[in-house]
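Visitor: I would like a close look at a single part of this model, taken slowly and with its surroundings. Could you choose one place to start and lead me outward from there?

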Amino acid sequence: MAGHGSSTKLALLGGTPVRDKAWPQWPARGAEEERALIAALRDGDWGGFPLPNERAAAFAAAFAERHDCEHALCVANGTVSLEVALQAMGVEPGAEVIVPAYTFEATASAALFAGCVPVFADIDPETWCLDVESAAALVTERTQAIVPVHLAMTVADLDAIGSLAGKHGLAVLEDCAHAHGARWRGRGVGSWGDAGSFSFQTSKLMTAGEGGIVTTSDDAILDRLHALVNCGRQRPEAAQHAAVVGHNYRLTDLQAAILEVQLARLDHQHDTRAANARRLQAAIEDIDGLTNLRIDDRVTTQAIYQFVFRFDGDAFAGIDRDVFVAALEAEGVPADGRFYESLPVSELLRPDPTRYPTWSAALAAAPAADCPNAERAAYRESVWLPHQFLLGTAAEVDDIVAAVLKVQHSAGDLAGLEGVEVDRLRQARSAR
C-alpha cells in the first residue's frame, strides 16, 4: 500500500494514491475450471443441442435445487432470459409490465422484445429496490406482470410484491441478475415469483463469460420456455404441443462446464464477501455524508454483486458525486457513480422512431413516469464498488476506507470542479 499517512494531496491532483496494488481478480478461476473445460473439449459435446445437453441439464438441475425451484433452463444470456420468461409466463403482446426505474436497461428492453410495454415505478429510497406503493399506483386493466429487481446487495420486498400480484392477478418475474444464491426468509430468490431470471455475464457472481438461466416450478412455463429457446421444438414431456416460433437461445455445454465449477465456489465466496462487507458497512456508518443501503431482516442470505452506498456531497465540501468517484478511483479504488441511469430518462431507451416505430409508440403511450428517488440515486447519490474488492483481506477493505477519508479530508481542493475538468485531470494522471 502506498501513501498511507504520507500525503494528504489527492492523487487526482498529483498526489500519491492510497493504494497501488491490484485487487482480487475477476472472474475467479483456477484448475477446476481448466479441468472442466478440457473434459468438455475432449468429449466433443460442445453445443446446446439437443436441449438441454448433458452438462447444461446437470447444471440447471443443481442451480434449481440451490434456489428451491423445481426447474431451471439455461439460455444464451441474462437479457433473453427475461424476454422468454415473460413470454412463457403468458404475458401478452401489448400488455403493460411494471419495472423499477433504477436498474439495467435490459429489464425494460426485454419487455419490449417480448412485445410488451414497460411502465416505470419508483424505487424505495432506502433499499433502491422497487417501491411497492409506487407500483400499485400504476396497475391498470392492461397490466399483466411485475418485474422486481434484486439490486446490487439488496432483495426486493417479495412479500409485498406477492400480495400486490395476488390482488390484481399479475405474473411475477424476479430479475435476479445480481442475486445468485440470495435467500428471502430462508427460500431462494427466483422461487418466489412465477419465474426467476439470472445472468452469467462476466461481471456477475457466477460467470461463463455470458449466459443466463430461468428458474420456475411451473411445468407449463417450462414447456413454453423449451420451445421459445430451442427453435420452436417442444420438449418430449410437454403436456400440450402448440406451435411456437422460437429462437436459438441455447447455452453451450462448454459454458455449462464452467458454471458447474462456479456454482461450487458460490457459498465460500458469499461468506468472504459478507465478512468484508460487514467491516466496510461498519466503517461507513462512522463517515459523515455516507449511508449504507438498508438490508431487510428477511434477507437470510445476502448476495453482494456490488457494494453500494449513498453519497451526500454536503459532507464533502459540496463536491459532486461524480467528482468524488473520480477522486476515489485516482486513489486506487475503482468505483462507479452512474452505474445505472434512471430508465425513464435514459438515452438507451429512446429508440429511433423511424427504425423502431412499434417500440417508440409503446414507450410514448406508457404512463408518464415520476421517479424522483431513482433520479436521485442515479445522478447524485449512488457509489458502486465491484464485488471482487470484498474477496480480499480486511486490510484491503481498510484501503477503501482510507481512500474515502482522504478524499473527504481534502475535498475542499476539488470544490468547483466539473466534468470536463475532472476528465482532464484523469487524462493527465494517466499520462504520468
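**Strand β3 and beyond**

Guide: In this predicted model, valine 97 has proline 118 of β3 as its bridge partner. The path of the chain from β2 to β3 runs through helix α4, residues 105–113, and the β-α-β crossover made in this way is right-handed. The two strands, β2 at residues 96–100 and β3, pair in the parallel sense, with five bridges between them. Strand β3 itself, residues 117–121, is mostly covered, five of its five residues being buried. That cover extends to both faces, since Val117, Val119 and Ala121 are buried on one side while Pro118 and Phe120 are buried on the other.

Helix α2 offers another view of burial. Its 13 residues, 54–66, should span 18 Å at 1.5 Å a residue, and the end C-alpha atoms lie 19 Å apart, which agrees. The buried residues of α2 are Arg55, Ala56, Phe59, Ala60, Phe63, Ala64 and Arg66. Seen down the helix axis, these buried residues fall within an arc of 160 degrees, so they line one face of α2. Exposed Glu54 and Glu65 sit on the face turned away from that buried side. The elements against which the buried residues of α2 pack include α1 (31–43), β1 (71–75), β8 (195–199) and α8 (253–285). After α2 comes aspartate 68, with a positive phi near 65 degrees.

Helices α1 and α8 are also joined through side chains: glutamate 32 and arginine 265 meet in a salt bridge, at 3.1 Å from N to O. This pair links distant parts of the chain, with glutamate 32 in α1 and arginine 265 in α8, 233 residues apart. Glutamate 32 counts as partly exposed because its relative accessibility is 38%, and arginine 265, at 21%, also counts as partly exposed.

A further group centres the discussion on arginine 298, whose side chain meets that of aspartate 157 in a salt bridge of 3.2 Å, N to O. Arginine 298 lies in the loop between β10 (290–292) and β11 (299–301), and aspartate 157 in the loop between β4 (143–146) and α6 (158–168), the two being 141 residues apart. The side chain of arginine 298 also meets that of aspartate 159 in a salt bridge, here at 3.0 Å. Aspartate 159 belongs to helix α6 and is 139 residues from arginine 298 along the chain. Salt bridges with shared partners join Asp124, Glu126, Asp157, Asp159, Arg185, Arg294, Asp296 and Arg298 into one network. In the whole structure, a search finds 23 salt bridges.

Key:
Residues are numbered from 1 along each chain as its sequence is written. This is a predicted model: local features need pLDDT of at least 70, side-chain atom pairs count only at pLDDT 80 or more; totals for chains, interfaces and linings use all residues. Side-chain values use heavy atoms; hydrogens and water are left out. Buried means under 20% relative accessible area, exposed over 50%, partly exposed in between (1.4 Å probe, protein chains only). Helices (H or I, at least four residues) and strands (E, at least two) are DSSP runs, numbered from the N terminus. Two strands pair if DSSP finds at least two bridges between them. A crossover is right-handed if, with the strands pointing away from the viewer, the path from the first strand over the helix to the second runs clockwise. The expected span of a helix is 1.5 Å times one less than its number of residues. The arc is that of the directions from the helix axis to the C-beta atoms. Contact means heavy atoms within 4.5 Å. A salt bridge is a side-chain nitrogen of Lys or Arg within 4 Å of a carboxyl oxygen of Asp or Glu.
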